[in-house]
Amino acid sequence: MRIVSVSGACSRAGKTAVAEAFLRAVPAGTAAAVKFTTTEDVFERCPRGSVCIVCDIDVPFRIVRDPAVLAEAGTDTARLAAAGATEVVWAIARAHAAPLAWSAVERMLQGTAMAVLEGSTVVEQGLARPELRVFVAHRSIPPNRWKATSPALVAAADSVIIHTPGPEPSAVVTDALDAMGAAGKRITADAMRPLHEWAPDLERRLRALAAGESLASAAS
């Protein structure tokens with residue numbers, strides 16, 4: 001299974017919008033979607049400030065495949081399914097159980113040509129080895145709200161996407177990204193629009209992966 005990783009600076013950065021664009025850009029029936037959510041080993045407080053069945057799971061990990069749950073209106077998983085994923089798998093894991101959860105996901109998707117992976121933990125840990133990596137930042141969410149792992153993710157990314165549905169991104173955002181190594185690989189776009197309109201090179205690379213070709217062939 002060939003993996004395309006979509007990681008982000010923080011919640012609401014635009015990761016799901018980018019993943020949707022990627023899924024719509026490849027031929028139907030070629031790509032699954034994985035949302036991998038990692039929570040603390042010892043639950044203290046949900047980042048959203050509410051009671052949370054994700055953060056406070058009562059097992060080491062949970063794999064959600066129930067269509068009724070995944071298709072719940074307004075959820076990221078419903079958006080991924082609507083974008084054309086052959087299957088959507090949502091893995092929720094405590095930090096120590098991420099390796100076990102990822103192994104379970106790989107078994108479930110065995111035989112799948114490609115998976116668009118939203119979530120960075122299994123990539124950072126070397127469990128998932130994506131052939132294409134992108135990092136997503138929102139145009140106006142400042143660096144002091146970004147994950148501590150953002151510099152490493154930016155440095156390793158093939159492309160850095162600043163999601164903006166209209167206004168130009170804040171200089172605070174672009175300067176921070178460039179300081180992390182994004183200069184020369186930044187793309188500023190409304191990720192809700194078709195991929196070929198704002199990143200035709202990325203579309204070619206995705207199609208090559210979905211077809212079992214090398215990324216070098218897409219560049220030629």
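Look first at helix α9 in this predicted model: along it, L202, E203, R205, L206, A208, L209 and A210 are buried. An α-helix has 3.6 residues a turn, so residues three or four places apart point the same way. Just past the end of α9, G212 adopts a positive phi of about 80°.

What does this helix rest against? Let's turn to the sheet. Its 8 strands form an open sheet with mixed pairing, and you can trace them in the order β3-β4-β2-β5-β1-β6-β7-β8. At the edges sit β3 (61-64) and β8 (186-189), each of which pairs on one side only. On average, neighbouring strands are turned by 20° against each other, ignoring direction. Helix α9, residues 200-210, packs on this sheet and touches β1 (2-8), β5 (114-118), β6 (132-138), β7 and β8. The direction of α9 makes about 140° with that of β6.

Now zoom in on one edge of the sheet. Strands β7 (residues 159-163) and β8 run parallel and are joined by 4 bridges. I161 has I187 in β8 as its bridge partner. Both of these isoleucines are also in contact with W198, as are A21, A189, D190, A191 and R193, leaving aside the neighbours of W198 within four places in sequence.

W198 leads us to the interior. The largest nonpolar core has 37 residues, and W198 is among those with the most contacts inside it, together with F22, M114, L195 and L202. Helix α1 (residues 15-25) supplies the largest share of this core, 7 residues. Apart from it lies another core, made of 19 residues, including A32, I63, A101 and V105.

How values were computed:
Residues are numbered from 1 along each chain as its sequence is written. This is a predicted model: local features need pLDDT of at least 70, side-chain atom pairs count only at pLDDT 80 or more; totals for chains, interfaces and linings use all residues. Side-chain values use heavy atoms; hydrogens and water are left out. Two strands pair if DSSP finds at least two bridges between them. Helices (H or I, at least four residues) and strands (E, at least two) are DSSP runs, numbered from the N terminus. Axes are lines fitted to C-alpha atoms, for helices over the stretch in contact, and angles run from 0 to 180 degrees between N-to-C directions. Contact means heavy atoms within 4.5 Å. Buried means under 20% relative accessible area, exposed over 50%, partly exposed in between (1.4 Å probe, protein chains only). A nonpolar core is a set of buried Ala, Val, Leu, Ile, Met, Phe, Trp, Tyr and Cys residues joined through side-chain atoms within 4.5 Å.
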